[in-house]
Amino acid sequence: MEKKKNFLRKIVEDDLKSGKYKEVVTRFPPEPNGFPHIGHAKSIVLNFGIAKDYNGKCNLRMDDTNPDTEDMKYVEALKDAVEWLGFEWSGDIRFTSDYFEKLYNYAIELIKMGKAYVDSISEDEMREYRGTITEPGKRSKYANRSVEENLELFERMRRGEFKDGEHILRAKIDMSSPNMKMRDPLLYRIRQHSNHYRTGSKWSIYPMYDFAHPLSDYIEGITHSFCTLEFENNREIYDWLIDTLNLEPPRPYQYEFARLNINYTVMSKRKLLELVEGGFVSGWDDPRLPTIAGYKRRGYTPESIINFCEEIGVSKSNSIVDVAQLEYSIRDDLNQKAPRVMAVLDPLKVTITNYDKEFETINASLYPADIAKEGSRELKFSKNIYIDRADFSENPPKGYFRLTPTQPVRLKYAYIIEYEEAIRNENGNIIELKVKYYPDSKSGEDKSGVKVKSAIQWVEESSAKKAEIRVYDRLFKEEMPKGVEDLNPNSLKVIKDALVEPFVIDSNEERFQFEREGYFYKEPIDYTKESPVFNKIVSLKDSWAKKNKQTTPKKSSKVELKKPDKSGEMAKLNENEQKIFDDLIKRYGINSQLANILARDKNLFEFFNKALYEYSSAITIANIVANEVVRELKDKSIEQLKFKPQNIAILAKMIDSEIISSKIAKEVFEIMANSGKEPEIIVKEEGLEQISDPKIIEKIIDEVISRNQNKVEQYRAGNKKLFGFFIGQVLKATEGKANPKVVNELVKKILG
């Protein structure tokens, strides 16, 4: 695959052409406090890929400055991930903890320069002194300590003479800086009784990320320090440290790119740790997790992960990638590699009554004609075979092309069979089929003249091997999961009695396409030839696209909304409809568009009136009925709705009372329409109450503005179109819960 030229590659190329650097040196610097996930894969591919493509070097460095959460098992997992993806780091693995003495000495230099001081205020005071985006912060009185006093206190902090939180070391920069990260950031904190996984109890103080990261980059000779967007405002600290310490060139520079976000997935280390430690998954390598260890165990290939990362590219703005794109990458990769074999996941015995041979051998290709690979295997065929239970139906639905009492079907690579009889057990369940076959219908030699519409997989009884199949689905049922409450209860199905053809067990191949079922992988831990276990990697098609299509029952009294005629004009209202239309406008002040929708259908108008009887807020109720309810009634009758007019009245009241916003009301309505729950219960369970407290909203606005300083400057320079951007970012940060009126007023006030 040809690599996409992104803005980071352009920076690297320009720096090399200008002679700014003789060689590119990048780094992948994860914190070893969890197993790496698909987001780390993007960073690995970026950092190692750029170094490789421009004949440079890439270091693997463990950012191990937090002794409370880090562990050597995570170091090993990170090493394994890089190696499995096919990359090599330069020299030995680096550790920030190897630089603790050098970092300490850099801190001493800053103190001697009057650029750092030991502060002793409480966390609450520090928060209070920080200020807001519109108000400058207040510097601690301890900033006036002499250099000698700061040096003495910092040395005593190192010796472990103080409790956690009693003192901290801060940079002395600018408490009025518009970038709140620059308001005397923390450099060192005390961790008195921590036991670092590498340095033990040697250190009682540990450097903060903003201090350790740029200086570690400098120590290693890094040229391009690629970080995700959440570190954009940290870049100013990065540059301040390098410049203030007067470090000799060449020096590193930080550049930011958008992190990877995927739907139906969580990539927060905290949430992944909760899943692992809570026993919701079997471990960090559970095949349902987005960890690299999980993908590896499930059967994904390194090439598929790399292709995915390169295909989605690198950008400057965050977005959500559809997990279907990742699934496509593995399908696309395995389509060219995986041999095609047959497996029956839900076996149903079939006896071919007119087959009079003991058995015969059939030669079958392992790859289709459009794959540039050759190979075949021999299949045993006899009168006793198994097919999948889903491939026979006594009462087939429309479009069913497999075996039925009146429809023959082909056994792939073999013969056409035709139904004769179903054998049942005492409960009436089918346990065996009796069929006949057409001797002159063999694949490639068919002279039977029998027409069939499909071919199905099968296995021969005496040669088939029993296997356990683990069918994995998406771990979360919600597109934007919040946590364990959104877990998919059907994310793992274990099939104990599947049957596979013998080649699958005898072959040295690890990944296969089970025809018509999907791609499967020999389970790397639990598989043995005696007790084979397979993981389903991915289906042949995106099955979730089908799941998300709503199937609806037949309608009894559907709302029939009149549609425009061929000219695009709506049919004129009849006399009665016109009367309702006029009444809605004059009596209730409803706009003509909503009135037009309500007036044209008596069922919809009746629904509106019933809701209005419960709560007299005509405009709010009309909006919900004409926009939300009407959409549900396109596929359902009024009787089939899971909610009543009374529920719509309650929802309208919650909007008017500003308990929820209009935007959140749409989410509540959707849940109510699918579940039938009361609106108040949904709001309580989902935590959807509207945020109207100005103090809370002001803090969120401060954070949004601090992350977007360049846009603040553009706005204040006259680009008033950005006002909507800030409103949108605040609403996004609160997941739509912030009161839009309050947000609007505060943003206007704060931006001036």
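## Strand β5 and its neighbours

In this predicted model, strand β5, which spans residues 168–171, is covered on both of its faces. Ile 168 and Arg 170 lie on one side and Leu 169 and Ala 171 lie on the other, and these four residues are all buried.

Strands of a sheet pair through backbone hydrogen bonds, and the pairing can be either parallel or antiparallel. Strand β4 (residues 116–119) is joined to β5 by four bridges, and these two strands run antiparallel; within this pairing, Val 118 has Leu 169 of β5 as its bridge partner. Strand β6 (residues 186–190) is joined to β5 by three bridges, again in the antiparallel sense, and here Arg 170 has Leu 186 of β6 as its bridge partner.

## A sheet of seven strands

Another part of the model holds an open sheet of seven strands, arranged in the order β12-β25-β26-β27-β23-β24-β13, and its pairing is mixed. The edge strands are β12 (340–341) and β13 (343–344), each of which pairs on one side only.

At the β12 edge, the neighbour is strand β25 (residues 511–514), and the two strands pair in the parallel sense over two bridges. In this pairing, Val 341 stands opposite Phe 514 of β25.

## Helix α12, the sheet and helix α11

Helix α12 lies across four strands, namely β12, β25, β26 (518–522) and β27 (533–538), and it runs at about 115° to β27.

Helix α12 (residues 323–335) also meets helix α11 (residues 302–312), where the two axes come within 9 Å and cross at roughly 130°. This angle makes α11 oblique to α12, and the crossing of the two helices is right-handed. On the α11 side, the contact is made by Glu 303, Ser 304, Ile 305, Phe 308, Glu 311 and Ile 312, while α12 contributes Gln 325, Leu 326, Ser 329, Ile 330 and Asp 333. Sorted by class, this contact has five nonpolar, three polar and three charged residues.

## Helices α16 and α18

Helix α16 (residues 592–599) packs with helix α18 (residues 618–632) at an angle of about 60°, and their axes are 10 Å apart. The two helices are therefore oblique to each other, and their crossing is left-handed.

Leu 594, Ile 597 and Leu 598 of α16 make this contact together with Ala 622, Asn 623, Val 625, Ala 626, Asn 627 and Val 630 of α18. By class, the contact of α16 with α18 has seven nonpolar and two polar residues, with no charged residues.

Key
Residues numbered from 1 in each chain as written. Predicted model: local features only at pLDDT ≥ 70, side-chain atom pairs only at ≥ 80, totals over all residues. Heavy atoms only, no water. Axes fitted to C-alpha atoms, helices over the stretch in contact; angles between N-to-C directions. Parallel < 35°, antiparallel > 145°, perpendicular 65-115°, else oblique. Left-handed = near helix turned anticlockwise from the far one by under 90°. Contact = heavy atoms within 4.5 Å. Nonpolar A, V, L, I, M, F, W, Y, C, P; charged D, E, K, R; others polar. Buried < 20%, exposed > 50% of the residue type's maximum accessible area, 1.4 Å probe, protein only. Pairing = 2+ DSSP bridges.
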